[in-house]
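Here are some notes to read alongside the structure. Please keep the view open while going through the points.

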Amino acid sequence: MTGVETPSSRLGGSYLRLFTAHAISNLGDGMGVIVYPWLASAVTRNPALISLVAVAQRLPWLVFTLPAGVITDRVDRRRLIVSMDTARGLLTLLVAFAVLGRQGSLPAPDELRLVTGTTTGLYLIVLIATMLLGTAEVLADNAGQTLMPAIVDESLLERANGRMWSIEGVMNTFAGPPLGSLLLLVAFSLPIFLDAGSFLIAAALVAAIPGVFRAPIDPATIGVAPRPSWTADLRDGVRWLWGHPLLRSMAIILGLMNAASMVSGATMVLWAQEVLDAKPFVFAIIGMGGAVGGVAGGWTAQRIAKRLGSGT
């Protein structure tokens, strides 16, 4: 594998590009945290339909994570990230134009109680786009995690990952939602256009990282045996995960935690609007509390792990 930087106390230019791309794309994601639920509640007041948008966003993480791992092991990780960010940018751009075309008939963001019925066409566009964006996100995030060890020295991985998680929390929860809520008051389509731009800028930054980042192949197997099929690799991955007591337990626990979170979060936008009478900016502020611990933990993870040990 090429593209591995010389070990040093600094994280290096390739990491800086990846970090900046991650920050910019997550700023767009943070705006989407506000914009998409608010948009869904502007085209329907049906709680089940609004919840379905949230389910569509997270469903790929349940059903596509292991296949995404197989794909990541078979392609250049950098190119995969660039492809997925480009696809997300273009898809979000299509959603933005669809919203722009119906903007005159949509209620103001602070007048959603006037909504009656469901704007079926726009709702289906949002639902399908959300599913596709979630699938691309799984691929991009998988590739980003496996790309990290190739551009950062092993001794600096905890610092690199901690900062990456921290900036994701800052952009996703502290910066993106308030910015998205303010732009939402100008026009429903404006933050979606900016979200599309964030993906395209991120793709350009990752494309500028030099090197080839494919999973290494054992030289002894070249020309001796054919590479296992995609389905065989997938079965091996499932067997390996299920046979690893620690990772199996973590996967089940995280799955249950995410399910519980989704139960409460799926209709949060309706609860905020109808019970708290919250406007977009207040709804953004409500979501900030959960990021405080995540940001603090991300920046202190290396120090705490060094003192207590990574296992502890």
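1. Where is D277 found? The model is a predicted one, and in it D277 lies in the loop that runs between helix 10 (268-274) and helix 11 (280-286).

2. The backbone at D277 deserves a look. Its phi is near 55°, a positive value in a residue that is not glycine. Most residues other than glycine have a negative phi.

3. Is D277 buried or exposed? Neither word fits: D277 has a relative accessible area of 46%, so D277 counts as partly exposed, because that class runs between the 20% limit for buried and the 50% limit for exposed.

4. On secondary structure, the protein has twelve helices and zero strands. The pattern along the sequence is therefore written with α alone, as α-α-α-α-α-α-α-α-α-α-α-α.

5. What is the overall size? The C-alpha trace spans about 65 × 45 × 40 Å along its principal axes. The radius of gyration is 21 Å, which agrees with the value near 20 Å for a compact globule of 312 residues.

6. Of the 312 residues, 40% count as buried. Among contacts with a separation of 6 or more, 89% are between residues 24 or more positions apart.

7. The accessible surface is about 16,200 Å², and carbon and sulfur atoms make up 68% of that area.

8. As for charge, the protein has 22 positive and 19 negative charges. The mean positions of these two sets are 3 Å apart.

Key. Residues are numbered from 1 along each chain as its sequence is written. This is a predicted model: local features need pLDDT of at least 70, side-chain atom pairs count only at pLDDT 80 or more; totals for chains, interfaces and linings use all residues. Side-chain values use heavy atoms; hydrogens and water are left out. Helices (H or I, at least four residues) and strands (E, at least two) are DSSP runs, numbered from the N terminus. Buried means under 20% relative accessible area, exposed over 50%, partly exposed in between (1.4 Å probe, protein chains only). The radius of gyration is taken over C-alpha atoms; the globule rule is 2.2 Å times the number of residues to the power 0.38. Contact means heavy atoms within 4.5 Å. Accessible areas come from the Shrake-Rupley method with a 1.4 Å probe; for residues, only the protein chains shown count as cover. Lys and Arg count as positive and Asp and Glu as negative; His and the chain ends are not counted. The place of a charge is taken as NZ of Lys, CZ of Arg, CG of Asp or CD of Glu.
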